[in-house]
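Reader: I'm going through the backbone of this one before I set anything up. Could you take a close look at the odd peptide bonds and phi angles for me?

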Amino acid sequence: MDKRINYKNLEYLKKSGSPIIIFKVVREAEAIANACHEMGIVVAGFCDFEKRNTEKKFCNLDVVHMPDMPRRFPNARIIISSQYVSDSIDHLSEFGYNEFYSPLKLLEDYDVNNHDHLISRSYMQTQITGIKKAHEAYFNEEKTFMRSLDVMITTKCSMKCESCSNLMQYYTNPENSDYKKIIHEVNIITSHVDDISEFRVIGGEPLMNKEWANITNGILKDDPKRKIYIYTNGTVGPKDDQLELLQGKGVNFVITDYGQFSRNIESMKEKLTKYNLAFVATEVKNWTDCSSLREHHRTPTQLREVYKQCCAKFLYTLLDGRLYSCPFIANAAKLKAIKDNPANYIDLYADAQLVKSKIKKLVGGVKFLPACDFCDGRPYDATSKKGYDGKGMIPAAIQSSDVLPYKVYK
């Protein structure tokens with residue numbers, strides 16, 4: 001365990017000393033800032049690797065781009081609001097910081113009902129539960145903890161984005177996943193881990209699978225306390241009977257607003273409000289360029305750097321009976337756009353003991369995967385070329401007139 005992170009004694013934060021900075025700008029960071037204010041802890045600002053998060057204030061405080069931190073705050077006490085604790089410490093340490101704090105004690109008695117937030121109170125409560133689980137798991141190395149599981153239920157999408165990071169633009173015959181098979185495979189995974197903080201139902205556009213609500217309900221069946229996030233682009237309107245099925249359960253909608261393309265977003269918001277389902281809608285104008293499929297012939301050292309800088313390496317993805325590290329590898333494998341290599345995935349239908357040990361190894365931290373050589377990289381900081389061969393930030397949702405070509409490996 002990394003002993004550099006403190007979580008029990010908040011007195012250190014109340015005392016005068018180096019400025020207090022919250023890393024990074026995520027939704028639950030607002031609750032952490034509020035908790036600090038309640039306890040008399042003065043926060044100087046936020047920092048983040050994503051340049052777009054630094055373009056405006058957050059909680060009325062400046063957000064500093066991480067490369068500028070040593071100049072702005074050469075010494076700082078940093079509260080980690082990210083759910084990827086170890087990864088955050090590794091990256092922050094590279095900039096010379098060594099005093100880190102977990103928000104566990106800050107959020108211990110935090111009451112969402114006593115505050116107004118940028119998101120709904122129910123959604124914020126879900127986010128707080130998630131960060132608590134992630135930080136508690138960090139201090140308990142014996143448990144196998146997955147911060148999230150992406151349950152991919154379709155490769156069909158209502159948009160044709162040429163730079164989709166999940167590679168939908170390469171599918172000639174997109175298809176829906178089978179309801180019963182998905183639930184069975186989710187149960188295999190959950191039987192081999194101690195906890196999964198959240199389940200993310202994704203696609204493609206997940207609402208294009210007519211069984212999306214039944215799949216969501218099926219995931220909740222074994223444990224009604226599970227938290228589920230449904231990622232949608234606001235193009236497909238959910239039906240009333242589908243939303244009614246999920247009413248009163250731990251279901252949250254994450255709506256990406258692509259302007260004119262998200263044609264059903266307002267009616268979707270109205271229906272979600274009607275059925276008291278938590279949601280957040282975010283306008284997105286830029287993406288990180290990370291959708292190219294090409295072999296780079298990197299050295300092991302270079303692959304380790306690509307993996308280290310990747311912001312998607314913990315988006316464990318279920319697709320076609322296999323568990324992958326991220327959606328890029330999952331879809332690249334399904335498309336046969338990468339060389340088949342069992343090191344890239346876990347076959348959930350293999351020997352149970354083998355599956356369990358492989359999941360523990362994957363979650364425990366691998367250095368890189370062979371498939372990483374086919375990715376340009378997906379860094380936390382797209383303005384950097386460290387472990388990244390892409391173009392940086394590009395306009396989001398540029399539509400393609402046709403399916404994009406790629407090399408197929410037999």
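Author: Start with Lys24, which sits in the loop between strand E2 (20-23) and helix H2 (29-38). What joins Phe23 and Lys24 is a cis peptide bond, with omega at about 20 degrees. Bear in mind that this is a predicted model, so that omega of about 20 degrees is a computed value.

There's another cis bond further along the chain, and it runs from Gly203 to Gly204, with omega near 25 degrees. Where does Gly204 lie? You'll find Gly204 in the loop between strand E8 (195-202) and helix H8 (212-221).

Now for the phi angles. Cys59 isn't a glycine, yet its phi is positive, near 55 degrees. Look for Cys59 in the loop between strand E3 (45-48) and strand E4 (63-65). Is Cys59 buried or exposed? Neither, really: Cys59 counts as partly exposed because its relative accessible area is 27%, and the partly exposed class lies between under 20% for buried and over 50% for exposed.

Ala397 is another non-glycine residue with a positive phi, this one about 60 degrees. Ala397 belongs to the segment after strand E16 (393-395). Its relative accessibility is 3%, so Ala397 counts as buried, given that buried means under 20%.

So, for your list: cis bonds at Phe23 to Lys24 and at Gly203 to Gly204, plus positive phi values at Cys59 and Ala397.

Conventions: Residues numbered from 1 in each chain as written. Predicted model: local features only at pLDDT ≥ 70, side-chain atom pairs only at ≥ 80, totals over all residues. Heavy atoms only, no water. Helix = DSSP H or I, 4+ residues; strand = E, 2+ residues; numbered from the N terminus. Buried < 20%, exposed > 50% of the residue type's maximum accessible area, 1.4 Å probe, protein only.
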